[in-house]
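Take a look inside this protein chain. Two topics guide the tour: enclosed cavities and charged side-chain pairs.

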Amino acid sequence: MRSIGKFFTRQPPARIIALGFALTILLGAVLLKLPVSVRDTASVSWTDALFTSTSAVCVTGLIAVDTADTFTPFGQAVVVALIQVGGLGVTSIGMGLALAAGRRISLRGRTLVREALNVDSLEGMIRLVRAVILLTACFELAGVVCSFPVFVQDFPPLHALWISIFHSVAAFNNSGFDILGGLRNLIPYHDSVWLNLVTCALIIFGGIGFLVMMDVVKCRFRFRKYSLHTKVVLTTTAVLLVVGTVLLQLTDHIGWLAAFFHSVSARTAGFSTINLGTLSDAGLFVLIILMFIGASPGSTGGGIKTTTFFVLMQEVRCIFTKGRPGAFHRRLPENALAKAATIALLGVIVVCTGTFLLCVLEPEATFIQLLFEDVSAFGTVGLSTGITSGLRDLSKFVLILTMYTGRVGAFTLLSIWVERPAPLARYTEEAITIG
């Protein structure tokens with residue numbers, strides 16, 4: 001045990017976080033394979049247990065087996081616990097438990113949390129973790145209270161309470177798991193305006209990031225006083241929600257409520273109130289774009305993030321206007337474009353590689369179905385056209401790796417495993433023709 005501890009203390013923070021997610025996924029798979037987790041009328045292979053655990057920890061929502069029909073209440077509790085750990089992050093949960101036990105938090109522990117929450121400074125880490133846990137508890141409790149009146153109309157009170165708890169945790173952590181049974185997701189509640197809006201609210205607040213929520217409260221909801229990060233996240237989120245809603249309504253005429261719900265859900269949540277297999281290719285392509293962009297930094301969601309998309313769009317604007325990238329009377333850092341372009345390019349590479357492998361392994365499925373499935377895995381979304389449960393084991397392993405990469409981040413994985421010292425000399429600069 002001491003040698004294991006020394007091994008972890010010598011690793012960089014990002015690598016410890018990546019290993020923490022991997023170990024949590026493996027532990028979850030073992031727990032889900034236990035007889036006490038699986039119903040007598042069902043069976044779960046090791047591949048499906050690993051797939052479910054990965055999907056839960058990576059807050060995705062893609063399912064190889066139906067959660068309600070396959071797992072017992074204990075198994076469902078394991079799934080919701082994995083979702084909570086995956087949404088808040090292994091390090092945030094660990095620090096929260098340490099604080100609850102009255103233990104002092106070391107400098108290394110604070111560094112791990114800073115890396116996990118994507119914060120620039122070590123200052124106020126204890127307050128930040130406490131605020132994150134408090135915000136999570138408040139939003140999830142509010143979700144339970146608001147969704148219970150809907151579910152209690154169709155289920156016994158105790159069962160409705162458990163569904164409400166599971167749904168609230170899954171929605172706030174942007175994970176599209178449900179325990180309604182029959183692979184139905186939220187289709188039975190397609191016309192429930194209240195549940196649709198409650199779910200959307202949980203998804204949006206979970207997807208904008210804890211730092212944004214704290215900044216909004218700190219500035220007392222005065223937009224002018226928000227930080228540049230908060231302004232960018234809120235405006236980009238609003239634009240994507242409106243554009244996504246309009247495009248989905250124009251392409252498939254699914255109704256404004258359903259169009260808005262799926263514009264929200266495609267931003268890494270994964271809930272669905274309609275059968276996505278019935279959407280047109282144009283509608284699926286709109287969802288693919290939204291899934292690839294994803295949520296915001298420091299949130300419970302995935303994707304390349306709204307800020308990355310914003311920086312890229314600002315650079316496109318500046319090329320034509322001959323200006324400098326910035327917004328809200330602030331200039332963006334010099335390295336913002338390079339990092340945004342790298343993250344987007346790595347995301348494209350991961351999606352293209354995964355889609356190519358799926359096309360080879362699943363020739364009977366259409367290209368748009370496989371692309372949709374892989375982007376959903378990379379963006380840790382969980383939406384599917386209905387082909388997940390019928391995929392081959394090798395295809396599921398491709399999606400497992402894609403979900404893990406999407407949750408940890410391709411940029412992070414590349415930087416922590418490929419270490420090179422800074423060059424001591426520089427070559428002479430020479431221009432090349434681009435475009």
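The paragraphs below go through the cavities and then the salt bridges of this predicted model.

Start with the empty spaces. The model has three cavities of 30 Å³ or more. The largest has a volume of about 90 Å³. Which residues line the largest cavity? Going along the chain, they are N174, I203, I204, G207, I208, T237, L241, V264, R267, A295 and S296. Two helices, α10 (193-208) and α12 (228-252), each supply at least two residues of this lining. Helix α10 gives the most, with four residues. By residue class, the lining of the largest cavity holds six nonpolar, four polar and one charged. The charged residue is R267, because Arg counts as charged. G207 falls among the polar residues, because Gly is counted there.

Now move to the second largest cavity. Its volume is about 40 Å³. F151, I163, F166, H167, D178, I179, L180 and L186 form the lining. Here helix α9 (residues 157-172) gives the most, with three residues. I163, F166 and H167 are the lining residues that fall within the range of this helix. The lining of the second largest cavity divides into six nonpolar, one polar and one charged. D178 is the charged residue, because Asp belongs to that class.

Next come the charged pairs. Side chains of opposite charge can pair when their charged atoms come close. How many salt bridges does the structure hold? There are three.

Take D48 and K396. Their side chains meet in a salt bridge, at 2.7 Å from N to O. D48 lies in helix α3 (residues 46-57) and K396 in helix α18 (residues 393-408), so the pair ties together parts that are 348 residues apart in sequence. Is this pair of side chains buried or exposed? D48 has 10% relative accessibility and counts as buried. K396 is buried as well, with a relative accessible area of 4%. Both values fall under 20%, so both residues meet the cut-off for buried.

The other salt bridges involve R392. E362 forms one with R392, and the closest N and O atoms are 3.0 Å apart. This pair links distant parts of the chain. E362 sits in the loop between α16 (336-361) and α17 (367-378), while R392 sits in the loop between α17 and α18. The two residues are 30 residues apart.

E364 also meets R392 in a salt bridge, at 3.2 Å from N to O. E364 lies in the loop between α16 and α17, with R392 in the loop between α17 and α18, 28 residues apart. Together, E362, E364 and R392 are linked in a network of salt bridges.

How does accessibility vary over this network, and what is the state of each member? E362 counts as buried, at 2% relative accessibility. R392 is partly exposed, with a relative accessible area of 42%. E364 is exposed, with a relative accessible area of 53%. The value for E364 is over 50%, so this residue passes the cut-off for exposed. R392 thus pairs with a buried residue, E362, and with an exposed one, E364.

Key
Residues numbered from 1 in each chain as written. Predicted model: local features only at pLDDT ≥ 70, side-chain atom pairs only at ≥ 80, totals over all residues. Heavy atoms only, no water. 1 Å grid on protein atoms, 1.4 Å probe; cavity = no way out; pocket = protein on both sides within 12 Å on 5 of 7 lines; lining within 4 Å. Points joined across faces, edges and corners; volume = space filled by probe spheres on them. Salt bridge = Lys/Arg side-chain N within 4 Å of Asp/Glu carboxyl O. Buried < 20%, exposed > 50% of the residue type's maximum accessible area, 1.4 Å probe, protein only.
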